[in-house]
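Hi there,

Here is the structure I promised to pass on. Please open it first, and then read my notes below.

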Amino acid sequence: QFVSLRQRILSAVQKNATRGDPRSVIRAIDQFCSQKEWAMNVGNEKGCILDSVVSEVNPATVLELGTYCGYSTVRIASLLPPYAKFITLEFNPDFAAVARQVIAWAGLEDKVQLVEGASSDWIPKIKEQFGIKTFDLVFLDHWKEHYLSDTKLMEECGLLRKGSVLLADNVICPGAPDYVEYVRSSPRYKSHYFRSHLEYTKAEENLWYLGIIE
Ligand SMILES: Nc1ncc2ncn(CCCCCNC(=O)c3cc(-c4ccc(F)cc4)cc(O)c3O)c2n1
Ligand SMILES: [Mg+2]
């Protein structure tokens with residue numbers, strides 16, 4: 001019967017990656033998506049940029065918006081200090097189900113809290129539900145038209161502080177023009193972008209880095 005792409009990605013991980021070895025899980029997904037079928041993981045080129053930002057920020061609290069199959073979740077979780085709190089939000093229950101198994105295969109299930117639901121519903125509840133005051137790092141990789149509204153929502157809920165870093169995928173493709181316009185014209189943010197390519201393709205893409213300065 002029909003096997004969904006996310007199921008094929010999970011099978012590739014279970015077949016080709018070593019349990020408890022996050023790097024082998026990342027490699028298995030990248031090999032599948034570059035040799036077999038494209039999928040919207042952040043990919044290895046942007047993934048290396050993500051790794052360098054995570055390592056530099058060395059965050060005690062991280063929020064990821066949009067888990068998908070857990071590829072970037074595994075990359076981030078494998079770099080966090082033991083005391084870190086990492087929440088990842090996924091809207092689609094089928095994606096969440098696959099992501100849980102990918103995260104578990106990497107042996108990182110104790111480092112990540114995967115929450116199912118819409119970012120706009122969950123962001124206002126994070127403080128009380130998870131005992132988190134502010135986020136040191138936020139990775140935006142969910143609906144592109146929600147980047148701006150969710151950033152404003154995080155500000156309103158007091159989840160961002162001076163020094164918080166936001167990293168946004170896909171600001172060119174599919175694109176988040178209103179978000180880029182807002183953060184570039186706001187005195188509150190210091191922003192710059194990392195030139196890259198759309199995952200598994202040669203199309204131009206940027207990762208948009210935002211440092212909150214006030
Ligand atoms: N509100 C809320 N809260 C929580 C949530 N969790 C998930 N969602 C829904 C998000 C659904 C997936 C989002 N990601 C993308 O759409 C995406 C697309 C492309 C792409 C596609 C086709 C092309 F031809 C070129 C590029 C590439 C990427 O790297 C992408 O990340 C949520 N929403
Ligand atoms: Mg993306």
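Please keep in mind that this is a predicted model. I started with ligand 1 and worked outwards from there.

**The ligand and its polar partners**

An N or O atom in the side chain of Lys144 is 2.9 Å from an oxygen atom of ligand 1. Two aspartates also reach ligand oxygens: a polar side-chain atom of Asp141 lies 2.8 Å from one, and for Asp169 the distance is 3.1 Å. On its own, ligand 1 would expose 690 Å², and the protein buries 79% of that area.

**The site around it**

Ligand 1 sits in the largest pocket. Two elements, β2 (85-90) and α9 (171-175), each give two or more residues to the shell around the ligand. How many residues surround ligand 1 in total? The count is 20, and the closest are Phe91, Ser119, Asp141, Asn170 and Glu199. By character, the shell divides into nine nonpolar, six polar and five charged residues.

**Backbone points to check**

Asn170, one of the closest residues to the ligand, deserves a look at its backbone too. Its phi is positive, near 65°, although the residue is not a glycine. You will find Asn170 in the loop between β5 (165-168) and α9.

Continue into α9 and you come to Pro174, which has its place in that helix. The peptide bond between Cys173 and Pro174 is cis, with omega about 10°. Both features stand out because most residues other than glycine have a negative phi, and most peptide bonds are trans.

**A hairpin**

Strands β6 (residues 189-197) and β7 (residues 204-212) run antiparallel and are joined by nine bridges. As an example of the pairing, Tyr193 has Trp208 in β7 as its bridge partner. Together β6 and β7 form a hairpin, with six residues between the two strands. Where does a positive phi turn up in this hairpin? Look at Tyr200 in the turn, where phi is about 60°.

Do write back once you have had a look; I would be glad to hear what you think.

Best wishes

Notes. Residues numbered from 1 in each chain as written. Chains lettered and ligands numbered in written order. Predicted model: local features only at pLDDT ≥ 70, side-chain atom pairs only at ≥ 80, totals over all residues. Heavy atoms only, no water. Near = heavy atom within 4 Å. Polar contact = N/O pair within 3.5 Å; in protein donor to acceptor, adjacent residues only side chain to side chain. Areas by Shrake-Rupley, 256 points an atom, 1.4 Å probe, with all protein chains shown as cover. 1 Å grid on protein atoms, 1.4 Å probe; cavity = no way out; pocket = protein on both sides within 12 Å on 5 of 7 lines; lining within 4 Å. Sits in = over half its atoms within 2 Å of the grid points. Helix = DSSP H or I, 4+ residues; strand = E, 2+ residues; numbered from the N terminus. Nonpolar A, V, L, I, M, F, W, Y, C, P; charged D, E, K, R; others polar. Pairing = 2+ DSSP bridges.
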